[in-house]
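Got the viewer open? Let's take a walk through this structure, one selection at a time.

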Amino acid sequence: MSASAFAERAGTLQRDTLETLQLNLGKYCNLACTHCHVEAGPNRTEMMDSPTARRIAAWLGANRVRNLDLTGGAPELNAQFRFLVETGRALGLHVMDRCNLTVLFEPGQADLAEFLAGYRVEVIASLPCYSPDNVDKQRGNRVFEQSIAALRQLNQLGYGQPAGGLLLNLVYNPVGAHLPPAQTSLEARYRQELSEHYGIVFNRLFTITNMPIRRFRHYLQRMGQLDTYNRLLSDNFNPSTLVGLMCRSLVSVDWQGRLYDCDFNQMLDLTALGTTGRFLWEYSAADLIGRPIATGEHCFGCTAGSGSSCGGALAT
């Protein structure tokens with residue numbers, strides 16, 4: 001299967017608007033999850049530096065986008081994270097933090113939850129299951145226990161509360177080579193389990209398909225499931241997901257400032273089509289609208305079943 005196989009099914013995609021700038025601040029993380037398409041971990045050294053962060057901040061000041069989406073690795077462990085949060089909020093942007101929850105207990109992060117609440121940052125927290133065994137299998141020993149403690153801390157600050165206005169959204173990833181279940185029914189189950197057993201509340205659950213990239217691809221290869229999983233994705237291609245694909249309203253920027261159509265393309269070093277430069281600051285926001293989007297075999301992951309995006313399922 002190839003890029004042309006997806007293009008034959010989906011046609012040519014282009015960016016219709018630019019609402020979100022997604023910044024991957026680097027590949028350093030305190031966890032090394034089996035499903036991680038970034039292949040992030042404690043031994044990675046790729047980290048955005050201050051000059052790059054300031055060039056991106058200047059771009060944000062000169063261009064109009066609505067959302068600043070900070071990811072990694074563990075983005076909070078990057079020294080530029082708080083500067084970018086402060087810059088984004090000062091510009092009136094909606095700022096999102098893709099948080100692994102356990103980072104709240106890392107050295108130097110004792111005030112992280114309060115910082116996020118103070119700047120009204122949306123927390124999008126990875127919690128791949130409400131079962132301790134499943135979470136620890138995917139993410140490491142005691143990760144579930146720490147995740148619950150972090151969620152309680154965020155709840156106490158007003159996150160996920162009906163009247164609090166501080167958004168706390170959870171992310172589900174399947175354990176293994178499967179498509180996610182229906183998002184609506186799984187959200188109801190999460191809500192019941194987390195409330196009854198741990199007293200935790202949240203706003204939304206996002207179901208995200210595991211992408212056959214980097215560490216998860218290596219896992220599939222070790223298990224002899226890569227071809228089967230790729231067929232599962234392509235066999236469940238759903239054309240109704242195409243209109244809502246995140247790459248149609250988002251651009252992704254890596255820790256060096258290089259430009260991509262999405263975070264998955266970034267990890268494959270699949271640079272944005274129709275651009276002659278490599279860095280965000282070589283283009284205005286207007287320059288990036290209407291350009292073709294680079295696609296490949298992995299794009300079946302975003303269009304299989306109910307679809308998958310950084311905001312969860314795309315179709316009911």
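Before the first stop, a word on labels: helices are DSSP runs of H or I with at least four residues, strands are runs of E with at least two, and both are numbered from the N terminus. Keep in mind too that what you are looking at is a predicted model.

**Stop 1: the sheet.** Select the strands. Eight of them form an open sheet, running S6-S5-S4-S3-S2-S1-S7-S8, with mixed pairing. The edges are strand S6 (204-207) and strand S8 (259-260), each of which pairs on one side only. Now pick out strand S2 (residues 67-71) and strand S3 (residues 94-99): they pair in the parallel sense, over four bridges. To see one bridge, highlight Leu68, whose partner in S3 is Val95.

**Stop 2: an unusual peptide bond.** Move on to Gly72 and Gly73. The peptide bond from Gly72 to Gly73 is cis, with omega near 25°. Gly73 sits in the loop between S2 and helix H3 (81-90).

**Stop 3: Arg139.** Next, select helix H5 (residues 132-139), where you'll find Arg139. Is Arg139 buried or exposed? It counts as buried, because its relative accessibility is 6%, and the cut-off for buried is under 20%. Show its side chain: one of its polar atoms lies 3.0 Å from the backbone oxygen of Ser126. Ser126 is also among the contacts of Arg139 from beyond four places in sequence, together with Leu31, Cys33, Asn100, Pro128 and Ser147.

**Stop 4: the cysteines.** Which disulfides should you look for? A search of the whole structure finds zero disulfides. Try Cys36: the closest cysteine sulfur, in Cys33, is 6.5 Å from the sulfur of Cys36, so the two are too far apart for a bond. Cys36 is buried, with a relative accessible area of 14%. Cys129 is in no disulfide either; the nearest cysteine sulfur to it, again that of Cys33, is 14 Å away. Cys129 also counts as buried, at 10% relative accessibility.

**Stop 5: the cores.** Time to look inside. The largest nonpolar core has 90 residues, and those with the most contacts inside it are Leu21, Leu23, Tyr159, Leu168, Leu170, Tyr190 and Leu194. Helix H6 (residues 143-156) gives the most to this core, with six residues. There is also a second, separate core of five residues, which includes Met96, Ile124, Val171 and Phe206. Zoom in on Tyr159: beyond four places in sequence, its contacts include Leu116, Val121, Leu154, Leu166 and Val201.

**Stop 6: the annotated stretch.** Now color residues 24-159, which an unreviewed UniProt entry lists as "domain: Radical SAM core". Over this range the chain is 38% helix and 12% strand, and the end C-alpha atoms are 24 Å apart.

**Stop 7: two positive phi angles.** Select Arg214, in helix H8 (residues 214-223). Arg214 is not a glycine, yet has a positive phi of about 55°. Arg214 is partly exposed, with 32% relative accessible area. Then jump to Asp269, in the loop between H10 and H11. Asp269, a residue other than glycine, has a positive phi near 55°, and is partly exposed at 46%.

**Last stop: Leu268.** Stay in the loop between helix H10 (263-267) and helix H11 (300-303), and select Leu268. Leu268 is partly exposed, at 40%. What does Leu268 touch beyond four places in sequence? Its contacts there are Ile213 and His298. For a final distance, draw a line from Leu268 to Phe237: they are 31 residues apart in sequence and 21 Å apart in space, C-alpha to C-alpha.

Notes: Residues are numbered from 1 along each chain as its sequence is written. This is a predicted model: local features need pLDDT of at least 70, side-chain atom pairs count only at pLDDT 80 or more; totals for chains, interfaces and linings use all residues. Side-chain values use heavy atoms; hydrogens and water are left out. Buried means under 20% relative accessible area, exposed over 50%, partly exposed in between (1.4 Å probe, protein chains only). A polar contact is a pair of N or O atoms within 3.5 Å; within protein, one must be able to donate a hydrogen and the other to accept it, and residues adjacent in sequence count only if both atoms are side-chain atoms. Contact means heavy atoms within 4.5 Å. A nonpolar core is a set of buried Ala, Val, Leu, Ile, Met, Phe, Trp, Tyr and Cys residues joined through side-chain atoms within 4.5 Å. UniProt positions are given in the numbering used here, feature names are shortened, and annotations may be inferred rather than shown by experiment. A disulfide is a pair of cysteine sulfur atoms within 2.5 Å. Two strands pair if DSSP finds at least two bridges between them.
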